[in-house]
Structure formats: C-alpha cells, structure tokens
2 protein chains.
Amino acid sequence: MTAADATLRALTGYCLRRASVAAMTDFARVFARHGLRRTTFSVLTLVTERPGLRQAQVAEALAIERPNLVQIVGELEGRGLLRRETDAGDRRAQTLHPTLAGRRLVTQAMADVAEQEERLLDGLTPPQVEALRTALAVIEHNAGMQREAAHDQQVSRA
Amino acid sequence: MTAADATLRALTGYCLRRASVAAMTDFARVFARHGLRRTTFSVLTLVTERPGLRQAQVAEALAIERPNLVQIVGELEGRGLLRRETDAGDRRAQTLHPTLAGRRLVTQAMADVAEQEERLLDGLTPPQVEALRTALAVIEHNAGMQREAAHDQQVSRA
DNA sequence: TATTGTTATACTCTATAACTATA
DNA sequence: TATAGTTATAGAGTATAACAATA
C-alpha cells in the first residue's frame, strides 16, 4: 500500500485502534463483573503473580504513573484484596501483597478473561494468533524506537 | 494457550492494547505537527474524502458522539479547514465541506501518517501485514458480536 | 412525535508539580 | 541530594440529559 491510496479506513493503525477499543470494551465488561477496572485488574494480577513488589516497580511494569497507582492500590486495599507493607530494608517503600480474597478474585477473574479472549480470537487458528502476536510485538517495538528517537532529538536540541 | 497459564503479559488482548497505545502515541505526534488531534484528523479526512456528509453521518461513521463532534467541527471550522452548510433539503442538518486549506492539510498530514505507518510496520512482510489486518478484523467482528449479545441480553431482561 | 445540532455536564484515564519522609 | 509514596490538579476523551429548530 502506498500513501496515494491511504484513506482513513485503509490505515492499519486505525484498524489496530478499532480492534483494541472493541476488545477492551468487552474486557471491561468482564472486569466489571468482578468489581474491577482494567487498571485494578492489572495491578491485582501482577501483585498476585509477583508478591512483594514495590509500588514503584508495579507502576514501572504496568506503565502507570506512580501518582495514579496510589488510588488504584488504595481501592484494592480498601476492598481487602491486597495489603501494603512497609519494606523492612527501605522504610520509604511500600511492598504489595495479595490477600487470600485477592488471590481468589484473580483466579476467578482471570478465568473469565481467558474465556473472553478465546471468544475474541474465535475463528483464528493458533498459527494465526501466533502471527498476530508477532506482528503486535513488532509494532510495539517500532513505536518504542520512534519514541526514543523523538526523545533523543529533543535532548540533543536542548 | 489455556486459561491455566494466562498471566498478564500472556494475554493477547493486552498485547493488542499495548501495540495500539504505542502506535497511537506516535500517530498523535504526527497529527500534532499539523495542529491536529486524532479526532480532528479523522473528521477532516473523512469530510475531504466524502464532502457533503451531515454531522450525524460523520459521527456515525467515526463512532463519535454527536455532542462531541460539535466541538471538533467547530475547531476545524474556526481554523478555516472546513465549513458548515445548512442542508437545502433539511434545514435541521449541517453538511460539511472541506476548504482548499483543509484539502491541502489533509494531503500533507495523510502523507506523514502513511510514512509513519510504514515505519511502524517496518520488518513485517506484506503478507504479514495482510494477516495482521485479517486478524484485527476478526477480533473487531467478534467483539461486536459480544456487544450485541450483551445488548440483546440487557433488552430481554428489561 | 422524531431528528439535527447544540449546550451543559460528568466521569474516566492520564499527566505533572510539589510535598513528606526516608535514604 | 535523591528516591518512594502521596496530594492536588489539570487535561483529553468520552458519555448522557435536555433544549431549540425543523421535519
């Protein structure tokens, strides 16, 4: 495809966004069934998979700004799904640990999410899904390169 | 992949979202070089491709709520990139028409967007890109099915 | 009565500056 | 001084209710 015939609906970037928005809308409904949003589901799942992470590490891993994570963790702690624990070695840091209720909720929610994902991928063969994931990884990588290049340019201009 | 090993990073839905966010972040930078945002670029491009559409038709085509489109069109009209024209046959309706400046801006911006898209897809063969677009269409379709099913359920409950 | 564009409004997600307490 | 968590706040994007003009 050349730039000449690149109309709005022909843009792969727009197809990517439409599919993402549609998929995340469905996922949001699954999250809501468990009283979760995308961000709270992500944080609770990560903390369950890797207990003891600091908030800053969770924020880094999930690309969430630290100030925004405070409310998310507060919400999950308020519902008794995880607890904050002051790090023994560095009393500035809060490590995060799932409660039993949190682990149970993650198990249930993740099962529903996986089921929803199967519905979304219905009609695609395993090789097609693998090819999709490869393509998505390439795009994410290329976009990251773009961001770094723009950042370097900004730095060198300063 | 079964639900059993579905950790956060293994979810295809999350890979899809990360790639989409990364790609749209880059596109946003391209739009900004022309004084546009994603929404204003989309509207101006569509109006240039299909002049004379009513606002309600543009909103429907781009999945933008009509109230939100008012500001977008107002911004583009204020910059002299398109003009509203009261429909002769239905004086409630406003049809949208690109100005010369608007058409020129779309040509320039679309060229940059297509170039950016090529960078994003760098490393993928044309068949791989085609397979990606097929997979994205399947996901969007499946998600739409999900939405309709949920809506039908909601209606039948009422 | 229904529809188009519009106004006002609210809600979510995200981003940044600045504070505190620790290091 | 630098970092972790926090507070407050601002912005973009999106969603709904209600109104005037028109059909």
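B:Cys15 is buried at 11% relative accessibility, where buried means under 20% relative accessible area with a 1.4 Å probe and protein chains only. A:Cys15 is buried too, at 10%. This is a predicted model: local features need pLDDT of at least 70, side-chain atom pairs count only at pLDDT 80 or more, and totals for chains, interfaces and linings use all residues. Residues are numbered from 1 along each chain as its sequence is written, chains are lettered from A and ligands numbered from 1 in the order written, and side-chain values use heavy atoms, without hydrogens and water.

**Cysteines**
- The disulfide count over all chains is zero, a disulfide being a pair of cysteine sulfur atoms within 2.5 Å.

**DNA strand D**
- There are 20 residues around DNA strand D, each with a heavy atom within 4 Å of the strand.
- A:Gln55, A:Ala56, A:Arg92, B:Arg37 and B:Asn68 come nearest.
- Of the strand D atoms that come within 4 Å of the protein, sugar and phosphate account for 56%.
- The surface near DNA strand D has five nonpolar, four polar and 11 charged residues. Asp, Glu, Lys and Arg count as charged; Ala, Val, Leu, Ile, Met, Phe, Trp, Tyr, Cys and Pro as nonpolar; the others, Gly among them, as polar.
- Helices H3 (55–62) and H4 (66–78) of chain A and H2 (38–49) and H4 (66–78) of chain B each supply at least two residues of this surface. H4(A) gives the most, with three residues.

**Atom pairs with strand D**
- A:Arg17 places a polar side-chain atom 3.1 Å from a phosphate oxygen of DNA strand D.
- For B:Arg38, a side-chain N or O atom is also 3.1 Å from a phosphate oxygen of the strand.
- B:Asn68 addresses a base instead: a polar side-chain atom lies 2.8 Å from a base nitrogen of DNA strand D.

**Largest pocket**
- The largest pocket holds about 900 Å³ of space.
- Its lining has 26 residues, with A:Arg18, B:Ala61, B:Leu62, B:Ala63 and B:Ile64 nearest the centre.
- H1(A) gives the most to this lining, with six residues.
- The lining divides into 11 nonpolar, four polar and 11 charged residues.

**Second largest pocket**
- The second largest pocket holds about 630 Å³.
- Among its 22 lining residues, A:Ala61, A:Leu62, A:Ala63, B:Arg17 and B:Arg18 lie nearest its centre.
- This lining has 10 nonpolar, three polar and nine charged residues.

**Pocket terms**
- On a 1 Å grid over the protein atoms alone, a pocket is an open set of points with protein on both sides within 12 Å along at least five of seven lines, and lining residues have an atom within 4 Å of a point.
- A volume is the space filled by probe spheres set on the points, which are joined across faces, edges and corners.
- Helices are DSSP runs of H or I, at least four residues, numbered from the N terminus.

Notes:
Polar contact = N/O pair within 3.5 Å; in protein donor to acceptor, adjacent residues only side chain to side chain. Buried < 20%, exposed > 50% of the residue type's maximum accessible area, 1.4 Å probe, protein only. 1 Å grid on protein atoms, 1.4 Å probe; cavity = no way out; pocket = protein on both sides within 12 Å on 5 of 7 lines; lining within 4 Å.
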